[in-house]
Amino acid sequence: AQCQLRQQCRANASADWRYGVTTRWTVRGGVEALSRDSVAWRAAPYAGISGTPTDALGVQAELAASSHARLALNFEPSQRLRVTGEQQWFARAPIDP
């Protein structure tokens, strides 16, 4: 979360937690919060997971409450070939940070 141009931030806070579930998978979660001249404290929690199911395949997924979701795949079977795809979905009515 961040203050936009011409808005006065009063405070900004962020907390991020990550945990290695296995040697191949990591989960994370956290919250970003801010307070500005026209808005009291607003918090935006998020969560995600990333991992490598195989040596050649990488996966990332994340979700931010009332904001967006993201999925990314990375396929790298050799040093000469890498294919990456990513998709994001945005909320139709996001909460104003």
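The following paragraphs describe the fold, the strand pairing, the salt bridges and selected surface residues of a predicted model.

The predicted protein contains zero helices and six strands, and its secondary structure, read along the sequence, follows the pattern β-β-β-β-β-β. These strands form an open sheet with the order 1-2-3-4-5-6 and antiparallel pairing. Strand 1 and strand 6 stand at the edges of this sheet and have a single partner strand each, so that one side of each is left without a neighbour in the sheet. From one strand to the next, the twist averages 10°. In general terms, the strands of a sheet pair through backbone hydrogen bonds, in either the parallel or the antiparallel sense.

Two of the strand pairs may be described in further detail. Strand 2 and strand 3, the latter spanning residues 39-51, are paired in the antiparallel sense over 11 bridges, and Ala 33 stands opposite Ala 43 of strand 3. Strand 5 (residues 68-78) and strand 6 (residues 81-90) likewise run antiparallel and are joined by nine bridges; the connection between strand 5 and strand 6 is a hairpin that passes through two residues. Within this pairing, Phe 75 has Val 83 of strand 6 as its bridge partner.

Taken over the whole chain, 16% of the 97 residues count as buried. The protein exposes about 7,300 Å², of which carbon and sulfur atoms supply 54%. Among the contacts with a separation of 6 or more, 28% are accounted for by residues that lie 24 or more positions apart.

The count of salt bridges comes to six, and a network of such bridges links Asp 16, Arg 18, Arg 28, Glu 62, Arg 70 and Glu 86. Within this network, Asp 16 takes part in a salt bridge with Arg 18, in which the side chains meet at an N to O distance of 2.7 Å. Asp 16 also forms a salt bridge with Arg 28, where the closest N and O atoms are 3.4 Å apart. Because Asp 16 lies in strand 1 (residues 9-20) and Arg 28 in strand 2 (residues 25-36), this second pair ties together parts that are 12 residues apart in sequence. The three residues fall into two classes of accessibility: Asp 16 is partly exposed, with a relative accessible area of 38%, and Arg 28 also counts as partly exposed, at 24% relative accessibility, whereas Arg 18 counts as exposed, at 56%.

A further salt bridge of the network is formed between Arg 70 and Glu 62, with the closest N and O atoms 3.6 Å apart. Arg 70 is buried, its relative accessible area being 15%, which falls under the 20% limit applied to buried residues. Its partner Glu 62, by contrast, counts as partly exposed, at 23% relative accessibility.

The surroundings of Thr 26 offer a local view of the sheet. Thr 26 is found in strand 2 and counts as partly exposed, with a relative accessibility of 32%. When its neighbours within four places in sequence are left aside, Thr 26 is in contact with Arg 18, Tyr 19, Gly 20, Val 21, Gly 48, Ile 49 and Ser 50. One of these contact residues, Gly 48, lies 22 residues from Thr 26 along the chain, and the C-alpha atoms of Thr 26 and Gly 48 are separated by 8.4 Å.

Tyr 19, another residue in contact with Thr 26, is found in strand 1 and counts as partly exposed, at 48% relative accessibility. Together with Trp 17 and Val 21, Tyr 19 makes a nonpolar surface patch of about 350 Å². As a general rule, the side chains of a regular strand alternate between the two faces of the sheet.

Methods
Residues numbered from 1 in each chain as written. Predicted model: local features only at pLDDT ≥ 70, side-chain atom pairs only at ≥ 80, totals over all residues. Heavy atoms only, no water. Salt bridge = Lys/Arg side-chain N within 4 Å of Asp/Glu carboxyl O. Buried < 20%, exposed > 50% of the residue type's maximum accessible area, 1.4 Å probe, protein only. Helix = DSSP H or I, 4+ residues; strand = E, 2+ residues; numbered from the N terminus. Pairing = 2+ DSSP bridges. Axes fitted to C-alpha atoms, helices over the stretch in contact; angles between N-to-C directions. Contact = heavy atoms within 4.5 Å. Areas by Shrake-Rupley, 256 points an atom, 1.4 Å probe, with all protein chains shown as cover. Patch = residues over 30% accessible without salt bridge, like charges linked within 9 Å, V, L, I, M, F, W, Y side chains within 5 Å.
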